[in-house]
Amino acid sequence: IKTFKLEGLIPATFTPMTADGEVDYDKYETYCQYLVDRGITQIYVNGTTGEGFSLTLEERKKVVETWINVGKKTGKIKQIVVQVGALNLHDTIAMVQHAKKVGADAIATVPPLFYKPKTIDNLIKYCREVANAAPELPFYFYHLPSLTGVEQLVRNGMSFIKGDGANEQLVREVCQASIHEHMDEEGDAQNQENLHARLQEHPVPANVEDFLKAASAEIPSLVGVKFSSKDLVDMLGCVHVPAPHRDDGKYNLVFGTDEKLMAAMVLGADGSVGSLCNFMAPLMNRILTNTAAGRILEAREDQYRAQQMCRVMYKYGTKTRKVGSEVASDMFGSNVAALKAIMAMVGLDLGGPRSPMRNGTPDELEAYRKELDGMGFFQWYK
């Protein structure tokens, strides 16, 4: 816990499926070698890319065991991080204990997904119970607000929802009040009291930076965050939060939004836990190495390529688009389905996704391939 650190590329792995939607455990050895041949030595299992929440508890356990067998025990994979979060604390703790038993190197969890925490204190309490189920394992908080819906919390019991006009107006008034306090020493005592009362009812929001500050004394095994938000302001704040239980005094921040990786590395991220490095490891690694070496133009060119690929992938994953005379909405049902389709295109067919996601039709997949080919993807992804 004092020294454990993820750096470089850490693929969030897919879960291979058979044609009838069962986990294809026979594919893991080939998949593992595919990653190793591209320089991968660390993986992140049962996360969003791995369809962890579409698997049963027993399937998730067997997926971890299979990766341990084909990766860790063969010496091919050095570090395996298991996403243990589930829809209830009981199953989450069961996954923690299983990860410890079979030899995983670290664990990560999403926040509760249905009965969501409304305060930082609630989130810390939940994470503490998860981490304490195996206190010797390094623990990461998995921040993915676009899917979990847990983004900005407060400490005294009220949540801040984006677009809430009352809260947004209040934040503006707090800023104005601070300015007026310096301009007019006497001020308006009654207005200040009213503002204080309203702050108790509608508190100013907090974020992951504030979570880390508060959690540092509560969760000794907390080593970092899988930061999959596009809020780089918050991520930069996390970089500067002291980590009292770490030898280097810093939290380990691994970034999960591939299309902003270069910017995140400039701001202090330690590495990438993403989907693209499953099939674009050399390009994604160039972004890391060129950014670190100050070769900004080279890094920027590869980051642009990754962004362009993502734009096409989004069209087939989750965006509405026109196909012939018909309008297809939500295409394959998720970006994961569109990413799995690319794996097949580059030579490693891991099967399709589970419902409610779907495979593309032959016509859709051919159109998808043509768009990728048109941007030169099949020449530069390797």
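## Helices α12 and α13

Met309, Met313, Tyr314, Tyr316 and Gly317 in α12 meet Asn335, Ala338, Leu339 and Ile342 in α13. The residues of this contact divide into 7 nonpolar and 2 polar, with no charged residue among them. This is a predicted model, and the description that follows should be read with that in mind.

Two packed helices are described by the angle between their axes and the distance between the axes. For helix α12 (residues 296–317) and α13, the axes come within 8 Å and cross at roughly 115°, and the crossing is right-handed.

## Helices α3 and α4

A second helix contact involves helix α3 (residues 89–102) and helix α4 (residues 120–131), whose axes come within 9 Å and cross at roughly 40°. On the α3 side the contact is made by Leu89, Thr92, Ile93 and Val96, and on the α4 side by Tyr126, Glu129 and Val130. Sorted by character, the residues of the contact of α3 with α4 comprise 5 nonpolar, 1 polar and 1 charged.

## The buried face of α1

Which residues of helix α1 are buried? In this helix, which spans residues 28–36, they are Tyr28, Tyr31, Cys32, Tyr34 and Leu35. Seen down the axis of α1, these buried residues fall within an arc of 160°, so they line one face of the helix. As background, an α-helix has 3.6 residues a turn, so residues three or four places apart point the same way.

The cover over the buried residues of α1 includes the strands β1 (8–11) and β2 (42–45), together with the helices α2 (57–72) and α13 (335–345). Helix α13 therefore appears both in this cover and, through residues such as Leu339 and Ile342, in the contact with α12.

## Cysteines

Cys32, one of the buried residues of α1, has a relative accessible area of 1%, and Cys310 is likewise buried, with a relative accessible area of 3%. A disulfide is a covalent bond between the sulfur atoms of two cysteines. With a disulfide taken as a pair of cysteine sulfur atoms within 2.5 Å, the count for the model comes to 0 disulfides.

## His143 in strand β5

His143 lies in strand β5 (residues 139–143) and is buried, with a relative accessible area of 3%. Leaving aside its neighbours within four places in sequence, His143 is in contact with a set of residues that includes Val150, Glu151, Val208 and Asp234, as well as Val225, Lys226, Phe227, Ser228 and Ser229. Of these contacts, Phe227 is 84 residues from His143 along the chain, yet the C-alpha atoms of the two residues are separated by 5.1 Å.

## Backbone features in loops

Most residues other than glycine have a negative phi, and most peptide bonds are trans. Where does the backbone depart from this pattern? In the loop between β2 and α2, which holds Asn46, this residue has a positive phi of about 65° although it is not a glycine. Glu51 lies in the loop between β2 and α2 and also has a positive phi, of about 55°, without being a glycine. Asn46 is buried, with a relative accessible area of 1%, and Glu51 counts as buried at 3% relative accessibility.

The peptide bond from Ser355 to Pro356 is cis, with omega near 15°, and Pro356 is located in the loop between α13 and α14 (362–374).

Technical notes: Residues are numbered from 1 along each chain as its sequence is written. This is a predicted model: local features need pLDDT of at least 70, side-chain atom pairs count only at pLDDT 80 or more; totals for chains, interfaces and linings use all residues. Side-chain values use heavy atoms; hydrogens and water are left out. Buried means under 20% relative accessible area, exposed over 50%, partly exposed in between (1.4 Å probe, protein chains only). Helices (H or I, at least four residues) and strands (E, at least two) are DSSP runs, numbered from the N terminus. The arc is that of the directions from the helix axis to the C-beta atoms. Contact means heavy atoms within 4.5 Å. Axes are lines fitted to C-alpha atoms, for helices over the stretch in contact, and angles run from 0 to 180 degrees between N-to-C directions. A crossing is left-handed if the near helix is turned anticlockwise from the far one by less than a right angle, and right-handed if clockwise. Ala, Val, Leu, Ile, Met, Phe, Trp, Tyr, Cys and Pro count as nonpolar, Asp, Glu, Lys and Arg as charged, and the others, Gly among them, as polar.
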